[in-house]
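Please work through the exercises below with the sequence and the model side by side. Each task is followed by a solution that goes step by step.

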Amino acid sequence: MSDGLRIGQVARVVGIPTTTLRAWEKRYGIVVPVRSGSSGYRGYLPADVDRLRHMRALVESGIAPNRAAAIVATTPRVEDVSGPRPQELLDDHDALVRAGAYYDGAAMDALLDEALTEPDVEEALERWLLPSMRVVGEAWASERIPVLVEHYIAAAVMRRLGRLFDAAPAVGPRVVVGLPPDCHHEIAALAFAVCLRRRGVDVLYAGADVPLESWRRLAAEWAPRTVVTVATMADDAVNADAVCAVLKDAGVPQMYVGGTHAVDVPSAIPLPLSLSASADVVVASRLRSRSRR
């Protein structure tokens, strides 16, 4: 058995003084450190760190410490597992659930900082972020986390993807990426837009649930040559096909569709499920189109 973390280490990780940690432990009993047989020191386990982070977040939001402790005591524990070492992170698809379970913004930011770093952003998006978001959805569906935690995690991820999108240079060619009406699962679409931007593509990201009339107006006012939409769920295929019909009538020459149900959209070219491969297909197509003009 691990000896656990020492009190000073825990205080630094959680972001509170050791005196505060001792007070919460003594007054409210929110953590019970273990006494190591090998060293004799009291040690704190990863689950203790999670509970202390939860306590800190509640107190910082203005909740009285005694009330915060009562909330922590009645909150189901996330599994007692250690955080991943850097080389293991891309295989740890439960990390987002753990970081978001107690609305700990610092932990969420640190996790995303570690995962989505240069030069392997595309690999992290493909291998870690999208599988992790599927795990978040499964955790919500099984009632392991409430919907508010699912929304909290998704919002944090969208903010980070937005920063990656803005940080990438865009010099052309231009491509529109957006979701059809009634399609709201946009993390994969924004991640794809990030991949395009990192290849130098000038992307207009239209977002989720774009009405047909807005697609029609966009085609008329901006005259894009390439549009990518999404069919993530079975119900999305019909709406994605309707988007492509509108764009075809408006004279848009190249229309692609990504997502699990892309092959169910007959009026657009289906993209591979891989983000990087899809981005390469679109970029290669745009370059061929420009060379023929």
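## Exercise 1: two helices that cross

Task: in this predicted model, determine how helices α1 and α3 are oriented to each other, and state which residues make their contact.

Solution. The answer to the first part is that α1 and α3 are oblique to each other. To see why, begin with the axes of α1 (residues 7–14) and α3 (residues 46–60), which come within 10 Å and cross at roughly 45°. Angles under 35 degrees would count as roughly parallel and those from 65 to 115 as roughly perpendicular, so the crossing of α1 and α3 falls into the oblique class. The handedness of this crossing is right-handed. On the side of α1 the contact is made by Val-10, Val-13 and Val-14, while α3 contributes Val-49, Leu-52, Arg-53 and Arg-56. Sorted by class, the contact of α1 with α3 has 5 nonpolar and 2 charged residues, and no polar ones.

## Exercise 2: the surroundings of helix α2

Task: find which residues of helix α2 are buried, and name elements that cover them.

Solution. Within α2 (residues 18–28), the buried residues are Leu-21, Ala-23, Trp-24 and Glu-25. Their cover includes α1, α3 and the strand β2 (42–43). After α2 comes Gly-29, which has a positive phi, near 65°.

## Exercise 3: a strand and its partners

Task: decide whether the faces of strand β5 are covered or uncovered, and identify strands that pair with β5.

Solution. Start with the strand as a whole: β5 (residues 226–230) is mostly covered, and 5 of its 5 residues are buried. In a regular strand the side chains alternate between the two faces of the sheet. One side of β5 holds Thr-226, Val-228 and Val-230, the other holds Val-227 and Thr-229, and both faces are covered. Turning to the partners, β3 (residues 174–178) pairs with β5 in the parallel sense over 2 bridges, and here Val-176 stands opposite Val-227. Strand β6 (residues 254–258) also runs parallel to β5, joined to it by 5 bridges, with Thr-226 opposite Gln-254.

## Exercise 4: placing one arginine

Task: locate Arg-163 in its helix, and decide whether Arg-163 is buried, partly exposed or exposed.

Solution. Arg-163 lies in helix α8 (residues 147–167). Its relative accessible area is 45%, and because buried means under 20% and exposed means over 50%, Arg-163 counts as partly exposed. As a last step, compare chain and space: Arg-163 and Val-194 are 31 residues apart along the chain, and their C-alpha atoms are separated by 9.4 Å.

Conventions:
Residues are numbered from 1 along each chain as its sequence is written. This is a predicted model: local features need pLDDT of at least 70, side-chain atom pairs count only at pLDDT 80 or more; totals for chains, interfaces and linings use all residues. Side-chain values use heavy atoms; hydrogens and water are left out. Helices (H or I, at least four residues) and strands (E, at least two) are DSSP runs, numbered from the N terminus. Buried means under 20% relative accessible area, exposed over 50%, partly exposed in between (1.4 Å probe, protein chains only). Axes are lines fitted to C-alpha atoms, for helices over the stretch in contact, and angles run from 0 to 180 degrees between N-to-C directions. Angles under 35 degrees count as roughly parallel, over 145 as roughly antiparallel, 65 to 115 as roughly perpendicular and the rest as oblique. A crossing is left-handed if the near helix is turned anticlockwise from the far one by less than a right angle, and right-handed if clockwise. Contact means heavy atoms within 4.5 Å. Ala, Val, Leu, Ile, Met, Phe, Trp, Tyr, Cys and Pro count as nonpolar, Asp, Glu, Lys and Arg as charged, and the others, Gly among them, as polar. Two strands pair if DSSP finds at least two bridges between them.
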